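Please work through the exercises below with the structure in view, trying each task before reading its solution.

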Amino acid sequence: MSSEIVIRLTDITKVYKTGAGEVHALAGVSFAVERGEMVALMGPSGSGKSTLMNVLGCLDRPTSGEYLLEGQDVGRMRDAELARIRSNRIGFVFQSFNLLSRMNALDNVALPLLYSGNGHDGRARAEKALSEVGLAHRASHRPNQLSGGEQQRVAVARSLVNNPSFILADEPTGNLDTRTSEEIMHLFRSLQDRGITVVVVTHERDIAEWCGRTIMLRDGKLVGEDRHPQKVFAHEPSDRA
């Protein structure tokens, strides 16, 4: 049986016009991600990985090329259609957590359901998502009452609540210490084991090693793609994360 492709990019380019001329941020990037894969996007500053993340997240359109999400061409959609894709089919996780300080963990997780129009059973879905990341007992706590790792777990739960096509994580361990970073990556691995597709944007090789495949970018081009055994968690995850 053939594998199901969630993401397929073909000859993606992105050109920005500036006063000094044109900047070719992406120059013919092509790759595919199968359902249940965990893939890292790596590259130095200026490599194009942030631009590529914006294209994958439907935050920006490519200048040319084709982006298929579960077979649907999203690269040519109108703004309203892209907004629906972002709300319903992509789960975002950011380096800075992006939790609302006035809301408790449960309400933060439920927030995407309000924007997507899926809020009729929002509380139950948010409780389920918090349970899936091991934080059901912290549902009533606000972000300032949670550790950095707990805040990121809340953010991961928020990314899951709409049952997205894939999770897009931008430097998800950038604000965490080494031990907590490992625990967050272990959490992503557990989601992958359940068949959830995860794309991690990172500049850290030890984080990329948690993924089964690493896509390397330089000067807007794909310059390498490595498949490697995924790193094994060296010790039992603690409750501190």
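**Exercise 1.** Decide whether cysteine 58 and cysteine 211 are buried or exposed, and then state how many disulfides the predicted model has.

*Solution.* Begin with the cut-off, by which a residue is buried under 20% relative accessible area. Cysteine 58 has a relative accessibility of 3%, so this residue counts as buried. Cysteine 211, with a relative accessible area of 0%, is therefore buried as well. For the disulfides, the rule asks for a pair of cysteine sulfur atoms within 2.5 Å, and by this rule the count is zero.

**Exercise 2.** Find the order of the strands in the open sheet of four, and explain why one side of β2 and of β5 is left without a neighbour.

*Solution.* The order of the four strands is β2-β1-β4-β5, and their pairing is antiparallel. Because β2 (21-34) and β5 (72-73) stand at the edges, each has a single partner strand, and one side of each has no neighbour in the sheet. Turning to one of these edges, β5 is joined to strand β4 (residues 64-69) by two bridges in the antiparallel sense, and leucine 69 lies opposite glutamine 72 of β5.

**Exercise 3.** Describe the open sheet of six strands, and find which residue stands opposite leucine 168.

*Solution.* Here the order is β6-β7-β8-β3-β9-β10, and the pairing is mixed. The edge strands, β6 (90-94) and β10 (221-227), each pair on one side only. Neighbouring strands of this sheet are turned against each other by 20° on average, with direction ignored. Within the sheet, strand β7 (residues 166-170) runs parallel to strand β8 (residues 197-201), and five bridges join them; opposite leucine 168 stands valine 199 in β8.

Definitions and conventions. Residues are numbered from 1 along each chain as its sequence is written. This is a predicted model: local features need pLDDT of at least 70, side-chain atom pairs count only at pLDDT 80 or more; totals for chains, interfaces and linings use all residues. Side-chain values use heavy atoms; hydrogens and water are left out. Two strands pair if DSSP finds at least two bridges between them. Axes are lines fitted to C-alpha atoms, for helices over the stretch in contact, and angles run from 0 to 180 degrees between N-to-C directions. Buried means under 20% relative accessible area, exposed over 50%, partly exposed in between (1.4 Å probe, protein chains only).
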